[in-house]
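Reader: I have a chain on my screen and would like to go through its contacts with you. Could you take my questions as they come?

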Amino acid sequence: MQKKKYTGLVIAGAVILLLVIFMVSTYNSLVKKEEKVKQQWSEVQSTYQRRLDLVPNLVNTVKGVSEFEQSTLEQIAAARGEALSGMSNDALTAENYTAQQRAQDNLATATNRLIVVIEKYPTLKGTAAYAGLQTQLEGTERRIKVARNDFNAAVADYNKQVRGFPGNLVAGLLGYKPKDGFEAVAGSDKSVEIKF
């Protein structure tokens with residue numbers, strides 16, 4: 001009888017140990033994946049900031065080479081200000097992503113208007129400063145796309161663990177909830193790109 005009681009305790013102890021190991025490893029995995037989501041969001045923010053930093057250089061280059069239409073420059077300054085103010089909110093929510101995407105798209109649209117007007121100034125198009133900024137802006141647009149895709153991949157990986165069984169048990173117990181990624185907004189099939 002004593003041996004059965006001892007065997008029962010060993011089995012119960014082993015089951016408890018396995019549950020603890022499972023919970024700890026699942027928790028650590030959730031933390032790691034959540035940090036990856038935050039890191040990828042920082043990459044998106046960083047590429048947005050790069051765009052914000054390049055636009056004033058483009059405007060100043062244009063101002064320096066030609067008499068320029070003031071309304072176009074004012075529209076870019078307003079769009080840049082809106083995009084910059086939207087970056088201060090670090091909350092990882094679908095509303096924040098959409099607001100930032102909308103502000104960034106407005107900035108890209110304003111920059112496109114500037115580039116259309118620049119087409120009227122062939123001497124400007126030939127300057128080295130403008131050519132360098134053009135290359136940097138094109139690269140930044142590609143970086144934004146890649147950063148958004150990487151962010152969505154990190155969110156999907158995190159959500160698989162939070163929603164999948166048996167990880168969802170630990171996630172629910174510890175308060176981990178699924179996260180939203182970038183979603184297509186109305187009219188996104190006609191994406192805004194800066195075109196040269």
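Reader: To start with the charged side chains, which residue meets K33 in a salt bridge?

Author: This is a predicted model, and in it the side chain of K33 meets that of D157 in a salt bridge, with 3.6 Å from N to O. K33 belongs to helix 1 and D157 to helix 5, so this pair ties together parts that are 124 residues apart in sequence.

Reader: Is D157 buried, exposed, or partly exposed?

Author: D157 counts as partly exposed, because its relative accessibility is 35%.

Reader: And how many salt bridges does the structure hold?

Author: The structure holds four salt bridges. One of them is the K33 and D157 pair just described, and two others that I can take you through involve E34 and K38.

Reader: Let's take E34 then; what is its partner, and how far apart are the closest N and O atoms?

Author: The partner of E34 is K179, and the closest N and O atoms of this salt bridge are 3.4 Å apart. This pair also links distant parts of the chain, since E34 sits in helix 1 while K179 sits in the segment after helix 6, 145 residues apart.

Reader: Charged residues, so I have to ask: are E34 and K179 buried or exposed?

Author: E34 is buried, with a relative accessible area of 17%, and K179 counts as buried too, at 17% relative accessibility. The cut-off behind that word is under 20% relative accessible area, so a value of 17% places E34 in the buried class.

Reader: What about K38, which residue does it bridge to?

Author: K38 forms a salt bridge with E35, and the closest N and O atoms are 3.6 Å apart. K38 and E35 are both in helix 1, and because they are three residues apart there, about one helical turn separates them. As a general point, an α-helix has 3.6 residues a turn, so residues three or four places apart point the same way. As for accessibility, K38 is partly exposed at 38%, and E35 is partly exposed at 42%.

Reader: Switching to rings now, how many aromatic pairs are there, and what is the geometry of the one with Y27?

Author: The structure holds two aromatic pairs. Y27 pairs with Y176 in an edge-to-face arrangement, with 6.3 Å from centre to centre and 70 degrees between the planes. Y27 is in helix 1 and Y176 is in the segment after helix 6, so the pair ties together parts that are 149 residues apart in sequence. Y27 counts as partly exposed, at 37% relative accessibility, whereas Y176 counts as buried, at 13%.

Reader: And the pair of W41 and F151, how are those rings set against each other?

Author: W41 and F151 form a tilted pair, with centres 5.2 Å apart and 55 degrees between the planes. W41 lies in helix 1 and F151 in helix 5, so this pair ties together parts that are 110 residues apart in sequence. Both W41 and F151 are buried.

Reader: Back to the surface for a moment, which residues make the nonpolar patch?

Author: M23, Y27, L173 and L174 make a nonpolar surface patch of about 380 Å². Helix 1 and helix 6 are the elements that give two or more residues to this patch.

Reader: Which residues of helix 6 are buried, and which are exposed on the other side?

Author: In helix 6, which covers residues 167–174, the buried residues are G167, V170 and A171. Viewed down the helix axis, they fall within an arc of 100 degrees, so they line one face of helix 6. On the other side, L169, G172 and L173 are exposed.

Reader: What kind of peptide bond joins F165 and P166?

Author: F165 and P166 are joined by a cis peptide bond, with omega at about 5 degrees, and P166 is in the loop between helix 5 and helix 6. At the other end, helix 6 is followed by G175, which has a positive phi near 85 degrees.

Reader: Last one: where is the confidence lowest, and where is it highest?

Author: Confidence is lowest in helix 4, residues 122–125, at a mean of 60, and highest in helix 6, at 91. For the chain, the mean pLDDT is 80, and 78% of the residues reach 70 or more.

Notes:
Residues are numbered from 1 along each chain as its sequence is written. Side-chain values use heavy atoms; hydrogens and water are left out. Buried means under 20% relative accessible area, exposed over 50%, partly exposed in between (1.4 Å probe, protein chains only). Helices (H or I, at least four residues) and strands (E, at least two) are DSSP runs, numbered from the N terminus. The arc is that of the directions from the helix axis to the C-beta atoms. Patches are made of residues with over 30% relative accessible area and no salt bridge: like charges are joined within 9 Å, nonpolar side chains (Val, Leu, Ile, Met, Phe, Trp, Tyr) within 5 Å. Accessible areas come from the Shrake-Rupley method with a 1.4 Å probe; for residues, only the protein chains shown count as cover. pLDDT is the predictor's confidence in each residue, from 0 to 100. Rings of Phe, Tyr and Trp (its six-membered ring) pair if their centres lie within 6.5 Å; planes under 30 degrees apart count as stacked, over 60 as edge-to-face and the rest as tilted.
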